[in-house]
Amino acid sequence: MIPLNDEQEMVLNTVRDVVRDRIAPRAAEIDSKDEFPWDIVEVYAQNGLLAPLLPEQYGGIGAEYLLFAMIIEEISKASPSAALILIAQADGFLPIHSRGSDILKETYLPRLASGSLSAFAATEPGAGSDILSMKTRAVPNGDHYVLDGRKCFITNGSIADVITVFAYTNPARKAKGMSAFVVEKGSAGLAYGKNEDKMGMRGSVNSELIFEALAVPVQNRVGEEGEGFANMMETLDGSRLFAASQAVGLAQGAVDEAVGYARERVQFGGPIASLQAIQFMVADMVAYTEAARMLTYRAARLLDEGKKRQITRFCAMAKFVASDTAMKVTTDAVQVLGGYGYMKDFPVERMMRDAKLIQLYTGTNQIMRLVAGRDIFRGD
Ligand SMILES: Cc1cc2nc3c(=O)[nH]c(=O)nc-3n(C[C@H](O)[C@H](O)[C@H](O)COP(=O)(O)OP(=O)(O)OC[C@H]3O[C@@H](n4cnc5c(N)ncnc54)[C@H](O)[C@@H]3O)c2cc1C
């Protein structure tokens, strides 16, 4: 296991307490009611967990990516949906933190560390994997831009106070013609479409956002015109690490449930844990979860060390390995629990539904393999 310093241990111990006392007892209810857990946002804010990656000057703790990955992992053992609040939050503020002006950072980052929520809005009905086909436009008009377009599936979308929106300022230039903007909740011209009713990761809000002649002040442009796509890709490297950490935590949660159940469940006069068929299945579950964890920590370390050449490939690989592992491990956990695994009285069916999403979002696992494969053969 990776050695941590005292401060990192202290943060993780706080997270474990929060998970045990406040998140684990709510996990089934968050899923069944499909209600956004505002109480957990409050707990995160009280414990300095809303934006740990931010430096102290903006209200964070200057956490390394590795520590944040471990925080996400701990929470996801009990509730990946509760962890997704922090992931969407980071996706929303990282573009501002890495390329925003000082004014933007001072205006928005402290708010996001202390209780406000953010969102990252790239995907559109016609632009998912093919994100460069997006239609949202930002046209300059004096001291502001006029934003028109529509985004979908946006995590935290309709509840976010601050939304980082990607739009073309010069569509002809494709990747070099995209820019990012900070849009505030309540802006004239911002409307919300439907909130999605999902298979899993319930309790998390996913919304359609509609921009109609929305005036965004020039000072709310994040970085220079044309930097949006690069900013999006840098943010997605981190986001893929967070998704991988979420998947590792989820897989570990399922392993723990399966092992505990196998010890207790008696068939043919003994615990099913004594059956080799169960031991083989659980051995695979534990081994693949551990392997996914190591790859995920490796990706986190590369981000912390700023190893640009390797970051994108390793974050993509960690994301598809960990989420494919979570899908297999949670499915096997249902198998270990037999018929009871299929019932809502036990958490493993929820875990299986939650795992599916991680194979899809922040770039599908087909796209992750495409990103890694291209990089492997890039030849430098
Ligand atoms: C619950 C949820 C939350 C989300 N949150 C956000 C968010 O906060 N912000 C945001 O911007 N987006 C968000 N997304 C969007 C998410 O990132 C996209 O759904 C994802 O990138 C895939 O896009 P798509 O759904 O349009 O699928 P498509 O791109 O239409 O893909 C359909 C299928 O085709 C495959 N495919 C497509 N192109 C290729 C290719 N070139 N090679 C091989 N296979 C290919 C895909 O892998 C997939 O299997 C969220 C999505 C969901 C479901």
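**A ligand shell shared by two domains**

By class, the residues surrounding the ligand are nine nonpolar, nine polar and one charged. This makes a good place to start our walk through the structure, which is a predicted model. In total, 19 residues surround the ligand, and the closest are F120, T123, S129, T364 and Q366.

Let us look at where those residues come from. The protein chain is divided into domain 1 (6-114), domain 2 (118-225) and domain 3 (229-376). Domain 2 and domain 3 each give at least three residues to the shell around the ligand. Going down to secondary structure, strand β3 (144-155) and helix α11 (365-376) each supply at least two residues of that shell.

Now for the polar contacts of the ligand. T364 uses its side chain, where an N or O atom is 2.6 Å from an oxygen atom of the ligand. The side chain of T155 has an N or O atom 2.8 Å from a nitrogen atom of the ligand. At A122 the backbone takes part instead: one of its polar atoms is 2.9 Å from an oxygen atom of the ligand. On its own the ligand has 970 Å² of accessible area, and the protein covers 63% of this.

With the ligand in view, follow β3 into its sheet. On one side, β3 pairs with strand β2 (residues 137-141) in the antiparallel sense, over five bridges. You can find this pairing by looking at A138, whose bridge partner in β3 is L147. The two strands form a hairpin with two residues between them. In that turn, G142 has a positive phi of about 70°.

β3 has another partner as well, strand β7 (residues 206-217). These two strands also run antiparallel, and nine bridges join them. A handy marker here is R150, which has I210 as its bridge partner in β7. While you trace these strands, keep in mind that in a regular strand the side chains alternate between the two faces of the sheet.

Next, step back along the chain to the loop between β1 (118-121) and β2, where S133 is found. Which residues does S133 touch, not counting those up to four places away in sequence? They are G126 and A127. The side chain of S133 also makes polar contacts with the backbone: it reaches the backbone oxygen of D130 at 2.7 Å, and that of G126 at 3.3 Å. To place S133 relative to β3, take C152 as a reference: the two residues are 19 apart along the chain, and their C-alpha atoms are separated by 14 Å.

Finally, zoom out to the arrangement of domain 1 and domain 2. Their C-alpha centres lie 23 Å apart. The contact between them takes 25 residues from domain 1 and 23 residues from domain 2. Domain 2 therefore appears twice in our tour: it is in contact with domain 1, and together with domain 3 it contributes to the shell around the ligand.

Definitions and conventions: Residues are numbered from 1 along each chain as its sequence is written. This is a predicted model: local features need pLDDT of at least 70, side-chain atom pairs count only at pLDDT 80 or more; totals for chains, interfaces and linings use all residues. Side-chain values use heavy atoms; hydrogens and water are left out. A residue is near a molecule or strand if one of its heavy atoms lies within 4 Å of it. A polar contact is a pair of N or O atoms within 3.5 Å; within protein, one must be able to donate a hydrogen and the other to accept it, and residues adjacent in sequence count only if both atoms are side-chain atoms. Accessible areas come from the Shrake-Rupley method with a 1.4 Å probe; for residues, only the protein chains shown count as cover. Helices (H or I, at least four residues) and strands (E, at least two) are DSSP runs, numbered from the N terminus. Ala, Val, Leu, Ile, Met, Phe, Trp, Tyr, Cys and Pro count as nonpolar, Asp, Glu, Lys and Arg as charged, and the others, Gly among them, as polar. Domain bounds come from an automatic or database domain assignment. Two strands pair if DSSP finds at least two bridges between them. Contact means heavy atoms within 4.5 Å.
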